[in-house]
Amino acid sequence: MRAYILEHYGGPEGSRLMDVPAPAPRPRDILVKVRAAGLNPVDFKFRQGKLRAILRPRLPFVLGNELAGEVIAVGGDVKRFHVGDRVFARVAKDRAGAFAEQACVGEDDAALMPGNLDFTAAAAVPLAALTALQALRDELDVKPGQNVFISGGAGGVGTFAIQIAKWLGAHVTTTASPRGEALVRSLGCDEVIDYTTQDISELGARFDAGFDLIGGDTLKQMFKIMKPGTKIVSVAALPEPQTAIKDLDGSRALAVLFWIISYSIRSRARRAGIGYRYLFMHPSGNDLAQLAELIEQGKLKVIVDKTYPLANISDALTYVEAGHAKGKVVVTMG
Ligand SMILES: NC(=O)c1ccc[n+]([C@@H]2O[C@H](COP(=O)([O-])OP(=O)(O)OC[C@H]3O[C@@H](n4cnc5c(N)ncnc54)[C@H](OP(=O)(O)O)[C@@H]3O)[C@@H](O)[C@H]2O)c1
């Protein structure tokens, strides 16, 4: 099968499309004929070697973290899926393998695709929408009537986060450039701050929950606009000890490393009286099934910015890396 393989860390020259043997399903795996795969910033960050502290698979390694396609075989212990099912999944990070014509997925990581989506739109959902759901529902516990601030609402995660926060009943404010403003408003965002001209710290301390998709100075400013006693969840700044304990393998060494690198952010948070958590999202077939329901009910729209054929995946990654995607970028297998 054709697959996009990482041979060595660095720039695009370290990865290429190759013919490799198709993977064989383990007892609790489904084998999927991949029809489309979504791209995410984690793909180029992983390719650059930036995730080596937490993820060191043996190379060569098939890249790609989310997919949609048809089940073509099931392992002996699979209970929930059958050959012919149309599924979507965020694959386990240490297995990846979505940028390929076939991929193995643990059955607990997959769900049936929403009936009203094609493969391209379905492949755009798993990683970004699960991130938004797990941050807003599970970590921030967003309640009706709360004021939620989301930095970077126009990208892959942000377009889902705005809609999920609205579904949870919140009043939603986001940052976007003039290029993204119409999109975020169309998704129901109540207030839009143009981050290219406005300083968010002028909004005043009026937010009950903060979801940070940008990090850096944006996160620093967010500490000034939260009510005391509230919490910010970031997926774009620096991991802290809870990331190692709750989201990764729980290793003490990793928790210590994250304690050190997040010291300055955690000190800032403590001074402001705000909680800080860096979330590393996890695959979940159950959460995906809930997202599929929201999509079928018309409560969650999928925004696909661009699609590329698998043959042009390197261009697709370059586009994502440029950081201006509006919604999601997807490769199709044809
Ligand atoms: N920890 C986890 O589990 C996890 C999961 C998912 C994602 N992430 C991380 O979360 C971040 C966001 O992911 P994504 O998929 O949403 O990225 P993305 O789709 O690449 O985001 C691109 C969007 O961000 C906007 N943007 C760029 N700079 C901005 C700024 N300073 N303020 C506001 N908006 C800005 C761009 O708008 P303009 O071009 O109009 O400026 C563009 O529309 C990435 O760092 C990613 O690695 C982490």
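The exercises below, each with a worked solution, concern the overall form, the ligand site and the empty spaces of a predicted model.

**Exercise 1. Overall form**

Determine how the radius of gyration of the protein stands against the value for a compact globule, and describe the extent and the secondary structure of the chain.

Solution. Begin with the chain length: for 334 residues, a compact globule would have a radius of gyration near 20 Å, and because the protein has 19 Å, the two values agree. Next, take the principal axes, along which the C-alpha trace spans about 55 × 45 × 35 Å. Finally, turn to secondary structure, where the protein has eleven helices and 16 strands.

**Exercise 2. The ligand and its shell**

Identify the residues that surround the ligand, list polar atom pairs between ligand and protein, and state how much of the ligand surface the protein buries.

Solution. The first step is the shell, which consists of 25 residues, with Lys45, Ser177, Tyr195, His324 and Ala325 as the closest. By class, this shell divides into 14 nonpolar, eight polar and three charged residues. In terms of secondary structure, H1, helix H3 (126-139) and helix H4 (156-167) each contribute at least two residues to the shell.

The second step looks at individual atoms. For His324, an N or O atom of the side chain is 2.5 Å from an oxygen atom of the ligand, while in Arg179 a polar side-chain atom lies 2.9 Å from a ligand oxygen atom. With Ala325 the partner belongs to the backbone, a polar atom of which is 2.6 Å from an oxygen atom of the ligand. As the third step, consider the surface: the ligand taken alone exposes 940 Å², and 87% of that is buried by the protein.

**Exercise 3. The largest cavity**

Find how many cavities of 30 Å³ or more the structure holds, and characterise the lining of the largest cavity.

Solution. The idea behind the search is that rolling a probe the size of a water molecule over the atoms shows where empty space is left. In this structure, one cavity of 30 Å³ or more is found, and the volume of the largest cavity is about 80 Å³. Its lining comprises 13 residues, of which Val42, Phe46, Leu55, Asn65 and Lys93 are the closest to the centre. Helix H1 (residues 41-48) provides the largest share of this lining, namely three residues. Sorting the lining of the largest cavity by class then gives eight nonpolar, two polar and three charged residues.

**Exercise 4. The second largest pocket and two backbone features**

Describe the second largest pocket and its lining, and then examine the backbone at Pro60 and at Ala96.

Solution. Start with the space itself, which amounts to about 320 Å³ in the second largest pocket. The lining has 18 residues, and those nearest the centre of the pocket are Pro23, Val62, Arg95, Ala96 and Gly97. Strand S4 (61-62) and strand S7 (102-106) each supply at least two lining residues, and the largest share, three residues, comes from S7. The class count for this lining is twelve nonpolar, two polar and four charged residues.

Now follow the backbone. Ala96, one of the residues nearest the pocket centre, sits in the loop between strand S6 (86-90) and S7; its phi is near 45 degrees, a positive value in a residue other than glycine. Pro60 lies in the loop between H1 and S4, and the peptide bond that joins Leu59 and Pro60 is cis, with omega at about 0 degrees.

Notes:
Residues are numbered from 1 along each chain as its sequence is written. This is a predicted model: local features need pLDDT of at least 70, side-chain atom pairs count only at pLDDT 80 or more; totals for chains, interfaces and linings use all residues. Side-chain values use heavy atoms; hydrogens and water are left out. On a 1 Å grid over the protein atoms alone, a cavity is a set of points where a 1.4 Å probe fits but cannot get out, and a pocket is an open set with protein on both sides within 12 Å along at least five of seven lines; lining residues have an atom within 4 Å of a point. Grid points are joined across faces, edges and corners, and a volume is the space filled by probe spheres set on the points. Helices (H or I, at least four residues) and strands (E, at least two) are DSSP runs, numbered from the N terminus. Ala, Val, Leu, Ile, Met, Phe, Trp, Tyr, Cys and Pro count as nonpolar, Asp, Glu, Lys and Arg as charged, and the others, Gly among them, as polar. A residue is near a molecule or strand if one of its heavy atoms lies within 4 Å of it. A polar contact is a pair of N or O atoms within 3.5 Å; within protein, one must be able to donate a hydrogen and the other to accept it, and residues adjacent in sequence count only if both atoms are side-chain atoms. Accessible areas come from the Shrake-Rupley method with a 1.4 Å probe; for residues, only the protein chains shown count as cover. The radius of gyration is taken over C-alpha atoms; the globule rule is 2.2 Å times the number of residues to the power 0.38.
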